[in-house]
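Here's a walk through a protein chain, one piece at a time. Keep the viewer open and turn the model as you read.

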Amino acid sequence: MRRFTLSRERRTWKMTTLVTAVLLAGTLQAGCAVALLNASAAGDVDKARRLMNSGHGADERFPLVGTSPLMLAAGHGQVDMLSVLIEAGADVNATDFTGWTALHAAAFQGDRRSVQLLLEHDAIPSKSRWFLQSPAEIAETLGHHDLVPLLRRNENQPAQVMPTAPEGTD
């Protein structure tokens, strides 16, 4: 019995086609999120509000990598945008595929106001999966020494959990 095998070139072409299709599908899906991601990075609060009022969610992500508007706003020091996104329900502890959060981005940027705002809304300053550094370690490495005590103080603090109503009550 003869086994059918693909040549190396044919296998490479098929894999390239598959990867291209996945990336294209992700990019097309991201079309909706890109406008909000761009507005968040630029600090364009009015545009972000218009987009969210027209159905875009505050937690829309760029496919495959999972970058959120909150991460971009924090990474660009856009404190007003952070407030708008948090008010709209953005998850302050959302992670991208590496485990990076908005707090990691704010620590990287060295923006104390962004770090403070995120911590006030229960951001958890834990290590990421990819870089294996906590926001405090990132701040320390990059010379943002004024942030280190604030981040370290919150590293071991559990996130505040809202009490839930007992079952059967409204």
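Let's start at a small oddity: just after H6, Asp 122 takes a positive phi of about 70 degrees. Bear in mind that this is a predicted model, so every angle and distance here is computed from predicted coordinates.

Now zoom out for the overall picture. The chain has eight helices and zero strands, so reading from the N terminus you simply get α-α-α-α-α-α-α-α. Of its 170 residues, 37% are buried. The accessible surface comes to about 10,600 Å², with 55% of that belonging to carbon and sulfur atoms. As for how the chain folds back on itself, take the contacts between residues at least 6 apart in sequence: 65% of them join residues at least 24 apart.

Back to H6, the helix just before Asp 122. Which of its residues are buried? They are Ser 114, Val 115, Leu 117, Leu 118 and Leu 119. And what covers them? The cover includes H3, H4, helix H5 (102-109) and H8.

H4 is worth a closer look, as it is one of the elements covering H6. The axes of H4 (residues 79-87) and H6 (residues 112-120) come within 9 Å and cross at roughly 15 degrees. Angles under 35 degrees count as roughly parallel, and that makes H4 roughly parallel to H6. The crossing itself is right-handed. On the H4 side, the residues that meet H6 are Val 79, Leu 82, Ser 83 and Ile 86; on the H6 side, they are Arg 113, Ser 114, Leu 117 and Leu 118. Sort the residues of this contact by type and you get five nonpolar, two polar and one charged. Look at the numbering along each helix and the spacing makes sense: an α-helix has 3.6 residues a turn, so residues three or four places apart point the same way. Ser 114, Leu 117 and Leu 118 turn up in the contact with H4 and also among the buried residues of H6.

H4 has another partner to show you. H2 and H4 pack with their axes 10 Å apart, at an angle of about 15 degrees, and are therefore roughly parallel to each other. Here, too, the crossing is right-handed. H2 brings Val 45, Ala 48, Arg 49 and Met 52 to the contact, while H4 brings Asp 80, Met 81, Val 84 and Leu 85. By type, the residues of the contact between H2 and H4 divide into six nonpolar, no polar and two charged.

Finally, visit two loops. Ser 68 lies in the one between helix H2 (45-53) and helix H3 (69-75). Is Ser 68 buried or exposed? It is buried, because its relative accessible area is 1%, and the cut-off for buried is under 20%. Setting aside residues up to four places away in sequence, Ser 68 touches Leu 37, Glu 60 and Arg 61.

The other loop runs between helix H7 (135-141) and helix H8 (148-155), and His 145 sits there. With a relative accessibility of 53%, His 145 counts as exposed, since the line is drawn at over 50%. Leaving out neighbours within four places in sequence, His 145 is in contact with Ala 139 and Glu 140. Its C-alpha atom is 8.9 Å from that of Gly 110, a residue 35 places away along the chain.

Terms used
Residues are numbered from 1 along each chain as its sequence is written. This is a predicted model: local features need pLDDT of at least 70, side-chain atom pairs count only at pLDDT 80 or more; totals for chains, interfaces and linings use all residues. Side-chain values use heavy atoms; hydrogens and water are left out. Helices (H or I, at least four residues) and strands (E, at least two) are DSSP runs, numbered from the N terminus. Buried means under 20% relative accessible area, exposed over 50%, partly exposed in between (1.4 Å probe, protein chains only). Contact means heavy atoms within 4.5 Å. Axes are lines fitted to C-alpha atoms, for helices over the stretch in contact, and angles run from 0 to 180 degrees between N-to-C directions. Angles under 35 degrees count as roughly parallel, over 145 as roughly antiparallel, 65 to 115 as roughly perpendicular and the rest as oblique. A crossing is left-handed if the near helix is turned anticlockwise from the far one by less than a right angle, and right-handed if clockwise. Ala, Val, Leu, Ile, Met, Phe, Trp, Tyr, Cys and Pro count as nonpolar, Asp, Glu, Lys and Arg as charged, and the others, Gly among them, as polar. Accessible areas come from the Shrake-Rupley method with a 1.4 Å probe; for residues, only the protein chains shown count as cover.
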